[in-house]
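Me: Please take a close look at the aromatic contacts in this model, and then follow the chain outwards from there. I would like one connected account rather than a list.

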Amino acid sequence: MSFLDQLNPQQREAVETVQGPVLILAGAGSGKTRVITYRIAHLIEHLGAMPESILAVTFTNKAAAEMVGRVDKIVGGLSIAKPVISTFHSFCVRLLRRDVEALRIPSTTLGAPPIGLTKNFVIYDESDQQSLVKSIMRRLGIDDKQTTPRAVLSHISWAKNHMLDPQEIYLQSNDPTTEKVSHIYAEYRKELLKANAMDFDDLLLEAVRLLKAAPEVRDYYSRRFHHVLVDEYQDTNRPQYELMRLLAGERHNVCAVGDEDQSIYSWRGADIRNILEFEKDFPEAKIVRLEQNYRSTQNILQAASAVVANNVRRKGKNLWTSRQGGAKIGYYEAPDGENEALFVADWIARYLREGTDGKEKPRAAVLYRTNSQSRLFEEAMRRYQLKYHVVGGFSFYDRAEIKDLISYLKVVQNPDDSISLMRVINTPVRGIGKTTIEVLERLALETGLSLWGSVGEAIQRQLLPARACAALKSFQDLIEDARAMLGGTYAQRLAETATTDEGAVAPAAVELNDQISFDPTIFDFGAMEPEEESPATEVEKIEGFPEPGSAGTADILKFLIDRTGYIKLLEEEDTPEAFSRVENLHELVNAAMDSRDRGETLDQFLDHAALVSDADAYDEQAQITLMTLHAAKGLEFPLVFLCGLEEGLFPHSRTFNHPDDIEEERRLCYVGMTRAMDTLVLSRATYRRRYGTDLPEASIPSRFLEEVPAVLIEEVGGRSGRTSRQPRPQEYDSGDTHYSYEDEDQSVSWRQPSVQAKPKSAPSAPKYNSIENIAEFFASRGKRFTLPKVPVEAPTGRRGFRPGQKVRHPKYGEGTVYQREGEGEETKLTVQFPRFGLKKLVEKYAQLEAV
DNA sequence: CCCTGGTCCCAACTT
DNA sequence: GGGACCAGGG
């Protein structure tokens with residue numbers, strides 16, 4: 001026996017019990033990940049299980065990726081087939097992309113397509129959900145001040161996580177607000193269906209519904225997966241739990257790993273009963289407890305255990321460590337938030353200078369309750385010139401320009417996605433204004449068509465003024481041309497599935513003996529087959545494409561950017577912000593190219609964009625990481641700061657009313673403390689500014705501070721100056737407005753107005769030379785391809801100014817006309833002013849004079 | 001029709 | 001610190 005020898009007896013038992021249900025109660029730092037990986041390796045290497053028959057579900061994509069790597073290290077050489085390791089949500093998306101149409105029901109209208117979601121559904125993120133709820137509320141005439149869309153959504157999400165439908169909510173409601181919510185919820189569901197879209201919660205719900213409703217689908221998966229492992233089991237909600245049971249089938253070979261003391265997602269529907277009552281649902285379950293902690297010193301462990309011991313709802317356990325003693329828990333009381341941050345930065349700076357005896361790579365984490373606390377720490381780190389990483393907060397895919405183009409792609413993938421359509425229909429501005437959109441919305445409401453459908457209808461029936469119609473037509477052409485690029489197998493696949501009606505399910509290729517052949521091109525769980533067989537290959541064979549495989553996501557994206565002039569317009573803005581946006585877009589194109597190299601189709605690219613989480617951005621190489629306590633789950637650091645220990649902040653004021661919520665805050669505190677390997681420092685600010693402008697408010701120490709035994713605590717950096725090791729607060733006068741060098745540099749380049757801004761080198765330099773390929777492609781199909789508009793020589797009217805002409809503006813002074821757009825009343829001139837940069841002016845209004 | 005600037009209100013955690 | 005919304009000017 002090989003790797004199993006590295007395990008302690010309990011871990012070994014957890015790894016070797018492979019028949020029937022097992023619940024592993026794994027305390028913090030007890031080698032949980034190791035147990036899961038070794039269990040998978042054991043199944044494959046010693047028991048001859050087929051890798052692809054193993055399914056492991058983790059909490060984040062990052063954790064999944066790491067587990068894949070670890071398993072690979074042990075059994076990598078054995079087979080090309082890999083176990084499926086993924087998050088619940090990613091797993092469900094793949095499952096639904098393959099089989100969701102089994103849920104469709106025949107339409108009552110003869111000849112109409114069946115009702116239900118189709119394979120090219122899109123995923124709605126939080127802002128999509130918000131827009132949708134807002135528009136529903138507007139339509140129903142519900143005041144969004146009293147009942148905010150946000151509150152409605154959280155109610156809906158709560159309902160979904162508890163698997164309640166609108167009717168059930170309605171029946172349970174005993175107040176007018178909940179009643180209203182149930183109405184909105186019902187409408188919301190209808191709209192999602194109409195848009196062929198699902199929200200995050202739906203991914204789980206629909207997967208469960210699918211497995212329950214379609215026996216042949218359930219069969220497929222129960223044949224495929226013989227072993228199911230669930231990580232972070234304490235944070236599973238009802239739908240996830242059901243999914244697990246359905247996948248475990250009759251074999252009951254399910255292994256759940258969790259720690260009830262680390263359950264921190266009840267607000268997302270995580271049901272602690274799933275872990276407390278596992279034995280009820282699986283009576284034959286074996287329980288294994290892992291109680292040896294390999295991470296922290298005894299002091300840290302004792303302190304954390306003492307805090308969480310105040311909770312009532314827990315199974316209770318005795319964690320122990322062989323790392324006796326250790327440094328005491330540091331406690332620092334800062335005068336205010338700025339000082340707290342500077343204290344932390346100072347400590348980290350010293351820590352990094354001094355190093356850690358070389359045995360462990362120096363890494364520190366700053367943990368806080370709310371994302372908004374990160375700002376102070378970021379400023380402090382910059383002032384100390386420390387490189388840091390922030391997990392969470394604003395992510396790449398949250399940026400406006402990225403969302404815009406993702407929305408375009410979503411519309412290309414599924415034009416019925418009205419929320420995305422709405423986002424891009426006039427972005428960048430193309431003359432489709434409020435009135436036009438209102439007409440379209442009314443039309444959609446009257447006809448039952450989607451917004452996209454009513455665009456077509458409005459054009460065909462000339463329901464709008466000629467100008468608006470023209471603008472709509474150009475938008476329609478844009479989307480249709482982009483959709484034509486999807487082409488080939490992909491579109492065919494969509495078309496085919498759209499016509500296989502009568503609710504008939506095309507069963508997957510399944511043979512009835514144990515040697516099952518799966519259809520990897522449809523249900524590709526990653527690296528199951530050599531690359532040559534990936535879907536991309538089929539796309540490549542389609543006639544009419546300029547080059548094999550070139551009309552992938554990246555090309556569609558480039559096409560959209562070119563044709564809309566999105567980047568060009570940004571470049572014309574000529575501001576640092578605009579350029580950083582351009583860079584972000586280049587980054588997006590790169591991501592799309594990578595996606596193509598992996599052989600992914602557009603839907604897979606979009607799924608990825610929708611499902612990357614903040615926690616996935618964690619970089620284990622970073623020396624300093626700032627993040628929320630939630631994001632820190634599963635990680636460990638030699639040095640940990642737990643900041644803002646104040647009543648109202650942590651525990652958060654919103655939890656005061658409910659004892660269960662306070663217990664969850666306490667578990668969160670436990671999670672935070674147990675991230676520390678060697679040193680743990682707690683801190684609090686005696687005065688804290690709540691929002692930028694308000695006066696600082698005095699704070700009360702968090703109750704969790706008092707729950708740490710006093711003997712384990714040592715005050716550090718205190719005003720009493722007990723230890724000179726730590727800086728005194730006075731050294732940091734946070735009152736002055738001096739910024740670090742970096743900031744000064746930034747502000748300099750910032751302030752510099754675009755004096756020497758030179759007019760951008762004439763019409764659209766071919767940044768993306770693919771445009772020629774695309775033109776050829778269209779030509780080869782006998783379609784016309786319109787190149788992005790190039791400024792045309794203006795027909796000089798009485799007052800017409802031409803590009804190149806010198807003009808004078810009452811406010812901006814002398815300048816040179818750079819570009820002329822539009823006709824008549826709407827003529828716009830882009831003029832380059834030496835002191836003010838490029839300005840776009842309406843000729844009619846701008847009082848220009850020829851010079 | 002679009003853009004700007006002012007004002008008001010909000011501010012947990014996240015797949 | 002910032003997003004949403006509105007009024008007013010070009």
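Reply: A charge is taken to sit over a ring when NZ of Lys or CZ of Arg is within 6 Å of the ring centre and within 35 degrees of the ring normal. In this predicted model, Arg97 meets that condition with Phe121, lying over the face of the ring at 3.9 Å from its centre. Arg98 is placed in a like manner over the face of Tyr220, where the distance to the ring centre is 3.7 Å. Tyr220 in turn belongs to an aromatic cluster that it forms together with Phe91, Tyr221 and Phe225.

Turning from charges over rings to rings against rings, the structure holds 16 aromatic pairs. One of them is Phe3 with Tyr38, whose ring centres are 5.4 Å apart and whose planes meet at 80°, so the pair counts as edge-to-face; the label applies because planes over 60 degrees apart are put in that class. This pair links distant parts of the chain, with Phe3 in the segment before helix H1 (9–16) and Tyr38 in helix H2 (residues 32–45), 35 residues apart. Phe3 is buried, and Tyr38 is buried as well.

A further edge-to-face pair is made by Tyr233 and Phe278, with 5.6 Å from centre to centre and 90° between the planes. Here too distant parts of the chain are linked, since 45 residues separate Tyr233, in the loop between strand E6 (227–230) and helix H11 (238–248), from Phe278 in helix H13 (residues 278–281). Tyr233 counts as buried because its relative accessibility is 0%, and Phe278 is buried with a relative accessible area of 0%; the cut-off behind these labels is under 20% relative accessible area.

The loop that carries Tyr233 deserves a look at its backbone. Glu232 lies in the loop between E6 and H11, and its phi is near 50°, a positive value in a residue other than glycine. At 7% relative accessibility, Glu232 counts as buried. Another residue with a positive phi, although it is not a glycine, is His252, where the angle is about 60°. His252 is placed in the loop between H11 and E7, and its relative accessibility of 23% makes it partly exposed.

From His252 the path leads to Gly20, which touches His252, Asn253 and Val254 when residues up to four places away in sequence are not counted. Gly20 is found in the loop between H1 and strand E1 (22–26), and it counts as buried because its relative accessibility is 14%.

Asn253 and Val254 bring us to the cavity. The count of cavities of 30 Å³ or more comes to one, and about 40 Å³ of space lies in the largest cavity. Its lining is made up of Val18, Arg39, Leu43, His227, Val228, Leu229, Asn253, Val254 and Cys255. H2, E6 and strand E7 (254–258) each supply at least two of the lining residues, and the largest share, three residues, comes from E6. By class, the lining has six nonpolar, two polar and one charged residues. H2, which contains Tyr38 of the aromatic pair described above, is thus met again here as a contributor to the lining.

Two proline bonds and one helix complete the account. The peptide bond from Thr427 to Pro428 is cis, with omega near -10°, and Pro428 is placed in the loop between helix H18 (418–424) and helix H19 (434–447). Phe650 and Pro651 are likewise joined by a cis peptide bond, for which omega is about 5°, and Pro651 is found in the loop between strand E15 (637–642) and H28. Among the elements against which the buried residues of helix H14 pack are H28 (659–673), strand E11 (329–336) and strand E16 (676–688). In H14 (residues 298–308), the buried residues include Ile300, Leu301, Val307 and Val308.

As a frame for these details, chain A has 31 helices and 23 strands, and 51% of its 851 residues count as buried. Among its contacts between residues at least 6 apart in sequence, 75% join residues at least 24 apart.

Key
Residues numbered from 1 in each chain as written. Chains lettered and ligands numbered in written order. Predicted model: local features only at pLDDT ≥ 70, side-chain atom pairs only at ≥ 80, totals over all residues. Heavy atoms only, no water. Phe/Tyr/Trp six-rings, centres within 6.5 Å; stacked < 30°, edge-to-face > 60°. Helix = DSSP H or I, 4+ residues; strand = E, 2+ residues; numbered from the N terminus. Buried < 20%, exposed > 50% of the residue type's maximum accessible area, 1.4 Å probe, protein only. 1 Å grid on protein atoms, 1.4 Å probe; cavity = no way out; pocket = protein on both sides within 12 Å on 5 of 7 lines; lining within 4 Å. Points joined across faces, edges and corners; volume = space filled by probe spheres on them. Nonpolar A, V, L, I, M, F, W, Y, C, P; charged D, E, K, R; others polar. Contact = heavy atoms within 4.5 Å.
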